[in-house]
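Me: I have a structure open and would like to go through it by question and answer. Please keep the replies short and show the reasoning.

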Amino acid sequence: MLRKLFIVCALVATLAAQSKKPKPSPAHDAAAPAAAGETIALKGGKLLTITHGVIENGVVVMQNGRISALGGAGTAIPAGARIIDVTGMTVYPGLIDSETHLGLTEISADRMTNDELENSDEIMPHMHVYDAFHAESALIPVTRINGITNAIVAPAIGDTLPGQDSFIQLAGASATEMLAVRDIAMPLNFTGRQRRNQNFDQAKFPFTRMGMATQLRQAFIDAQDYEQKLAAWEKKKSSADEKEKEKAGAPPKRDLKLEALLPYLQGKKPVVLAAEEPNDLLTALDLARDFHLKVILNHVTHSAALLDRIAATGLPVIVGPIYEQPKESERYDVVYSIPAQLAKRGVKIAFASYDAHQARNLPYAAGYAVGFGLLPEEALKALTINPAQIWGVDKDLGSLDVGKLGNVVVANGDPLDVRTDVKHVFIQGQEIPLVSKQTQLRDQYWK
Amino acid sequence: MARRSHMFGVMLLSLFCVLGRLAMAQQSSEQQPAPGFHNDVLIKGGTILTVTHGKIENGSIYIHNGKIAAVGQSVQAPANATVIDATGKWVMPGIIDSHSHIALDDDVNEPTNPVTPHMMMKDAFDYNDKAIYRALAGGVTTSLLLHGSANMIGGQAIVIKHKYGLGRDELLFPGAPQSIKFASGENPKRVYGTRNQLPATRMGNFEVMRASFIEAREYMRQWDDYEAKVKKGDKDATPPKKDLKLEALADVLRGKLLVQIHCYRADEFLTEMAIAKEFGYKIRAFHHALEAYKVADKIAANGVAIATWPDWWGFKYEAWDGIPWNAAISAHKGVRVALKSDSEDVTRRLNQEAGKGIHYGLTEDEALKAITLNPAWIIGVDERVGSIDVGKDADISIWSSYPLSSSALADKVLIDGDVYFDRSLPGLGLTHYKEGQ
């Protein structure tokens, strides 16, 4: 017992001594194997490039899956390109939803169609959403025809460590092509909602936040221990000294759960730290500091009092849902205002729908945040370049720039407005038909 | 048997409330204009969306004693009227939510019997619930607070005005007709079916309803017989036992209640309308109504309205065919369409929901009506609220920009001519509420 405590203390001290500077995001390749196809030129639209302002009456050319040229009216269009006149339309990069459950659910009420959470234990880092991702889900076309071309797919929030996220493209021949980056990040949820053993008569550990935090610490310590054993074995195994090599013996028994934690403990991949209340946020941040996790903050919906502190961490924040109710004593707009308040403090924010069926409504949350003081260009960044940078896919996504993937949307107005109708969606330079289960029903009955 | 005696207890408890409520409704409807509102207000300079007669640029509204006294480009108002400068703002009627469950704590369903028409929402109304305030801050001035959908017949609703900070009775919409909530489909099936009780199927659902109305008819006949005997001077006539449940069902058959039916599937709209025809009552509106677009012509022909969401779908089987064009297809086939919240969250931004209606095919006017005059009709208060017309209650919301959009905010919200919410005020922005009162 004492020994364990000593180890924990020593560990905390060592970790605290290390630098707290966030490590740069690993760069990911978000492209599926290049889809050759027609060359498309969008002509006459208002280009919201995100990275270099607005170009009126612009031209975007997409070739071999990527944006090959972009600029004003004089931009050369290659011979043979299909020219789409988008005069009067707005052209912008495909939107990125920083948390969805797309492909993990079909009909919410039917358990057999839900693969959102493995709730047999709180610590399930070895669950990979790519194992459940249903590429043919009817929800995906519904979402993409409203201009969302990429998304994080995350398990539900019910476990402290529910598994690992994948980053998807909302079109592709199969799951293989759509799962652009597997295991891109790992959620760590600490909102109180992970407590599920609250029946006193059948109490089971962990019952409280204390139990959950301790369980998390132990899991990380176990993983570090596992890592050390592996390293020691490998050291012996690769020793030049034959005697040492022989001593190595059999490798440590493989443990998928602990193994899953290693890239996160090594700071190679980000942990998405979900907390809502200030106390939970502080506990979660302490945990992250103690184990040197590379952090993306998530929710912070009720932490309006800690915004300066959040800004001081320099961490990016996935904001929302901004539709979360404020506390009874609070003004009605406390939660709505959080994106604006964070952006004002220089925090890099990204929006998420936290949904599947209604992921298509992602841009409207950003639009509402504009009402509460977020600058419209910041709001648009929080749906494009910011998440692209946060998730390490900005080489391919997040702006209209030559060389990036042809994930481009054309709409008849402000991308953030509820009234705006999307007219064209391109993913990797290919036009996506504006067809879903819902448009088919519409066309069947609207006569 | 045990349940029956429990039910009887509940009935007794509710008796006084029922009688009190009927008396109140009657009294109030005779007292128009409503007493107690002493105000002279001039809203000046905004773009007014009247709902019934188009848009007035740079218009004004004169409010006198709680009512709209004049509206137009220039209106006469006394010099001492309080002026609200709405220059550069948008002015529309207060939003009306025709399907809400706020301010009821968790007392939305009495899931102990599939037919509980005598459960009176007023008995559970928590008028201090801050959800009333948060909806008000989103421009909502009137809501229909309905029972849930655990039961085929859930109980009788209340209509409130969002005068947050006032007492319980002041929040009740004076003279509003009484609505009753029916349900159908998966929810009653699930609630009773999982207990191995009737109803566990849609067959059971509708059988339970028919049986209830047959019982109510018999009850009415007994009372008719008794009254006929009394009329004839029969001194030995004994009255049948007063039964609150059957009394409430009889009120449905007598056409005294507005019937609001939770219903998703196309086949169920048809069955509901057939049962209504069989027993001779009218359906006011189908709520949720996600498949209305499949049988919109039939719904329109029966004069039934729908209160739907612009885009909810897929959360259960009966919501699997929900499409966001439902409102537009139904409206274009002649159905009166309201967009409602059914949600403590969404009720705070029904203006956005109406904007989505435009996205999915409603005209701007239809979308505006869908959160004002049409829900007012569903609730039965369209003569009183839902448009900016002379003689109507001065329930008005003033917006920072075109309201049916993503980023418009309600700046001020007036009810009966008094400001109840003002975004520019510190704290909660409320004018009639003190913390801890």
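Me: Is helix α10 (residues 350-359) of chain B largely enclosed by the rest of the structure or exposed, and how many of the 10 residues are buried?
Reply: This is a predicted model, and a residue counts as buried here if 20 or more other C-beta atoms lie within 10 Å of its own. In α10(B) that applies to B:Leu350 and B:Ile358, and also to B:Glu353, B:Lys356 and B:His359, among others. The helix is largely enclosed by the rest of the structure, because the buried residues number 10 of the 10.

Me: Which element of chain A do the buried residues of α10(B) pack against?
Reply: Within chain B, the buried residues of this helix pack against β6 (95-100), β7 (140-145), α9 (326-332), β14 (337-339) and α11 (364-369). Just after the helix, B:Gly361 has a positive phi of about 105 degrees. From chain A, the packing partner of the buried residues of α10(B) is α10.

Me: Which element gives the largest share of the side of chain A that touches chain B?
Reply: The contact involves 28 residues of chain A and 34 residues of chain B. On the chain A side, the elements giving two or more residues are α10 and α13 (437-445). That side divides into 13 nonpolar, 8 polar and 7 charged residues. The largest share, 5 residues, is from α10(A).

Me: Which element gives the largest share of the side of domain 1 of chain A that touches domain 2 of chain A?
Reply: The domain assignment splits chain A into domain 1 (2-26 + 95-207 + 253-397) and domain 2 (31-93 + 399-447). Their contact takes 28 residues from domain 1 and 25 residues from domain 2. On the domain 1 side, α2 (139-144), β7 (148-153), α10 (362-371) and α11 (376-381) of chain A each give two or more residues. The largest share, 5 residues, comes from α10(A).

Me: How many residues on that side of domain 1 of chain A are nonpolar, and how many are polar or charged?
Reply: The centres of domain 1 and domain 2 of chain A, taken over C-alpha atoms, are 29 Å apart. Where domain 1 touches domain 2, its residues divide into 16 nonpolar, 8 polar and 4 charged.

Me: Why is chain A said to be as compact as a globular protein of that length?
Reply: Chain A has 13 helices and 16 strands. The globule rule gives 22 Å for 447 residues, and the radius of gyration of chain A is close to this, so the chain is as compact as a globular protein of that length. Its C-alpha trace spans about 75 × 65 × 45 Å along the principal axes, and 48% of its residues count as buried. The radius of gyration of chain A is 24 Å.

Me: What is the radius of gyration of chain B, and what does the globule rule give?
Reply: Chain B contains 12 helices and 17 strands, and 56% of its 437 residues are buried. Its C-alpha trace spans about 70 × 50 × 40 Å along the principal axes. Chain B is as compact as a globular protein of that length, because its radius of gyration is close to the value from the rule. Both the radius of gyration and the globule rule value are 22 Å.

Me: Which strands stand at the edges of the sheet β6-β7-β9 of chain B?
Reply: This open sheet has 3 strands with mixed pairing. Within it, β7(B) and β9(B) run antiparallel and are joined by 4 bridges, with B:Thr142 and B:Lys161 as bridge partners. Neighbouring strands are turned by 15 degrees against each other on average, direction ignored. Each edge strand has a single partner, so one side of it is left without a neighbour in the sheet; these strands are β6 and β9 (158-161) of chain B.

Me: Which residue of β14(A) stands opposite A:Thr90?
Reply: In strand β5 (residues 90-93) of chain A, A:Thr90 and A:Tyr92 point one way, A:Val91 and A:Pro93 point the other way, and all are buried. On one pairing, β5(A) runs parallel to strand β1 (residues 40-48) of chain A over 2 bridges, and A:Leu47 stands opposite A:Val91. The pairing of β5(A) with strand β14 (residues 408-411) of chain A is antiparallel, over 4 bridges. There, the residue opposite A:Thr90 is A:Ala411.

Note on methods: Residues are numbered from 1 along each chain as its sequence is written. Chains are lettered from A and ligands numbered from 1 in the order in which they are written. This is a predicted model: local features need pLDDT of at least 70, side-chain atom pairs count only at pLDDT 80 or more; totals for chains, interfaces and linings use all residues. Domain bounds come from an automatic or database domain assignment. Two residues are in contact if their C-beta atoms, placed from the backbone, lie within 7 Å. Ala, Val, Leu, Ile, Met, Phe, Trp, Tyr, Cys and Pro count as nonpolar, Asp, Glu, Lys and Arg as charged, and the others, Gly among them, as polar. A residue is buried if 20 or more other C-beta atoms lie within 10 Å of its own, exposed if 12 or fewer, and partly exposed in between; C-beta atoms are placed from the backbone. The radius of gyration is taken over C-alpha atoms; the globule rule is 2.2 Å times the number of residues to the power 0.38. Two strands pair if DSSP finds at least two bridges between them. Axes are lines fitted to C-alpha atoms, for helices over the stretch in contact, and angles run from 0 to 180 degrees between N-to-C directions.
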